[in-house]
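Morning, everyone. Please bring up the sequence and the model, and I will go through how the two chains meet and then the fold of one chain.

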There are 2 protein chains.
Amino acid sequence: MSFDRLISGIKRMNNPTVAGLDPKLDFIPEHIKAKSFAAFGQTLEGAADALLQFNKGLIDALYDIVPAVKPQSAYYEMYGWQGVKALSETIAYAKAKGMFVITDAKRNDIGTTAEAYAAAYLDSTAIGNENIAAFGADALTVNGYLGTDGLRPFVDVCKKNDKGIFVLVKTSNKSSGELQDKTLGFQTVYEFMGEMCEGLGSDTIGEYGYSAVGAVVGATYPEQLTELRQKLPHTFFLVPGYGAQGGGAAGLKGSFDKNGLGAIVNSSRAIMCAYKTENIDGEAFAEAARREALRMKEDINSHI
Amino acid sequence: MSFDRLISGIKRMNNPTVAGLDPKLDFIPEHIKAKSFAAFGQTLEGAADALLQFNKGLIDALYDIVPAVKPQSAYYEMYGWQGVKALSETIAYAKAKGMFVITDAKRNDIGTTAEAYAAAYLDSTAIGNENIAAFGADALTVNGYLGTDGLRPFVDVCKKNDKGIFVLVKTSNKSSGELQDKTLGFQTVYEFMGEMCEGLGSDTIGEYGYSAVGAVVGATYPEQLTELRQKLPHTFFLVPGYGAQGGGAAGLKGSFDKNGLGAIVNSSRAIMCAYKTENIDGEAFAEAARREALRMKEDINSHI
């Protein structure tokens with residue numbers, strides 16, 4: 001009921017990073033696509049099969065050095081229910097390899113509907129006499145625009161099932177400040193959302209001092225990262241925006257606490273497309289991904 | 001590239017309402033579940049089949065009197081990819097019957113990822129030489145916490161494909177005011193989001209005066225509905241919260257313009273579960289849904 005499981009993995013591997021699995025077809029090596037299209041045609045099924053094979057190759061190459069993966073739901077949904085099936089299979093495959101799975105879906109709704117999302121991603125669904133986990137992730141990203149009654153159902157399942165959520169606080173994109181940096185009297189919107197995380201998680205704090213209610217804070221805003229780390233002592237951070245979006249490792253220093261914990265940094269494209277950056281054959285995508293993941297680990301650890 | 005198609009349907013049927021399709025298993029008549037479970041077992045497939053059969057019955061009963069349906073994605077995702085397949089089939093079935101389909105998924109992300117969501121729900125996905133519509137809805141609900149660069153990709157596909165989005169402005173739930181009612185200098189957060197809708201939609205205004213960028217404003221807040229209708233002359237409203245959530249028809253008056261247009265009011269549970277309210281056999285669920293939809297139409301029209 002906290003982020004202890006994730007933090008244990010980070011400590012065990014000495015690696016505070018998560019590999020984003022955002023498998024656009026453009027990122028997938030030709031030999032994988034050729035095989036999937038040969039089997040299923042240039043169809044949603046064919047694309048979904050390519051996604052899954054690519055992800056399996058990445059997970060096989062990373063599971064002993066990277067503690068977590070973060071599939072981004074949009075890149076599965078764009079391939080229809082067949083893509084969503086590949087998401088479900090990706091989650092199961094990563095979990096079977098011992099990885100912590102953060103499904104990045106930024107879900108949000110009123111309480112009764114938030115219960116359905118919580119069931120989908122962090123709990124199970126009752127069907128007749130059965131209870132079946134629909135997706136079975138370890139954590140989910142959520143959007144708190146609707147306030148606490150849209151978040152509580154997620155917190156409740158986190159407590160029940162030892163899961164976690166990451167609430168959007170200060171996002172990594174250029175226009176995040178349009179609303180998030182505005183001031184509400186004496187605090188910014190992002191500070192307000194951060195305090196909401198502290199409040200919602202207050203009775204879920206684990207042995208490392210962090211609750212089950214984390215926050216998304218972008219690597220592209222190092223000052224706010226540092227400020228929020230100090231103001232939100234029990235809120236674990238998921239930090240996107242390192243690498244492709246322009247956030248450097250030096251700016252990440254402020255997201256960690258004095259024990260070097262408190263945050264996990266995501267990289268998606270740099271790992272998935274390492275074979276392109278290295279300009280090598282796509283057949284070797286998995287080894288290239290592993291090299292980039294190790295490089296990233298060293299880069300970030302050197303700044304903690 | 002505006003909400004003209006939706007508004008035409010509303011005018012043709014003289015009915016500014018949308019039927020929410022939130023098919024929890026608890027809402028589905030026993031005879032449908034028994035048949036689906038007999039065919040597929042008490043599994044995600046069995047549940048998904050029941051969802052689809054229930055939805056088809058509702059759509060058959062409503063398509064000539066109600067212009068639009070609003071499937072709530074959470075209630076499909078909780079049944080796994082099988083449920084998401086039922087969502088996809090529900091959208092296709094409703095569109096084949098001529099209904100306008102608003103997928104209520106409240107999606108949101110940074111620009112590149114918002115492009116993937118826009119492709120999924122309002123456009124198509126390139127797969128080899130093919131372009132395939134993954135879900136093919138007419139409109140999508142979105143959350144604007146990330147600012148304009150997270151919304152523009154949706155607006156772009158609205159322009160290209162004559163689709164629409166509804167941005168969360170003032171939601172119907174009890175805690176919506178925690179953030180949304182707070183003031184940013186001289187305006188509330190919900191006013192700020194409303195103005196963002198007006199700005200983003202400004203070059204998509206159709207013949208009825210409304211753009212492709214609508215707003216979600218809850219029936220449970222009649223004062224804000226009235227205020228926002230006046231302040232946002234080109235923003236079409238999707239109004240949840242009528243009925244089960246406590247919003248009455250009298251309070252909806254302010255959401256319509258002088259021509260009786262400008263909003264579409266959602267009802268989910270009252271229509272889906274009309275057979276329970278009438279305390280009749282579940283075999284007659286569709287006729288009961290139709291009676292409730294006609295009652296709601298009269299109720300709301302009597303207050304415009």
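The contact between the chains takes 56 residues from chain A and 56 residues from chain B, where contact means C-beta atoms, placed from the backbone, within 7 Å. Helix 6 of chain A gives the most to the side of chain A that touches chain B, with six residues. Helices here are DSSP runs of H or I, at least four residues, and strands are runs of E, at least two, numbered from the N terminus.

This is a predicted model: local features need pLDDT of at least 70, side-chain atom pairs count only at pLDDT 80 or more, and totals for chains, interfaces and linings use all residues. Residues are numbered from 1 along each chain as its sequence is written, and chains are lettered from A and ligands numbered from 1 in the order in which they are written.

Now the symmetry. A turn of 180° with a shift of 0.0 Å along the axis lays chain A on chain B with an RMSD of 0.0 Å, superposed by least squares on C-alpha atoms of residues with pLDDT of at least 70 in both. The two copies are thus related as by a two-fold rotation axis. Of the interface residues of chain A, 100% are also interface residues in chain B, so the copies meet through the same surface.

Last, the fold. In chain A, eight strands close into a barrel in the order 1-2-3-6-7-10-11-12, with parallel pairing; a pair needs at least two DSSP bridges. Strands 11 (residues 237-239) and 12 (residues 263-267) of chain A pair over three bridges, and L238(A) has I264(A) as its bridge partner in strand 12 of chain A.

Technical notes: Two residues are in contact if their C-beta atoms, placed from the backbone, lie within 7 Å.
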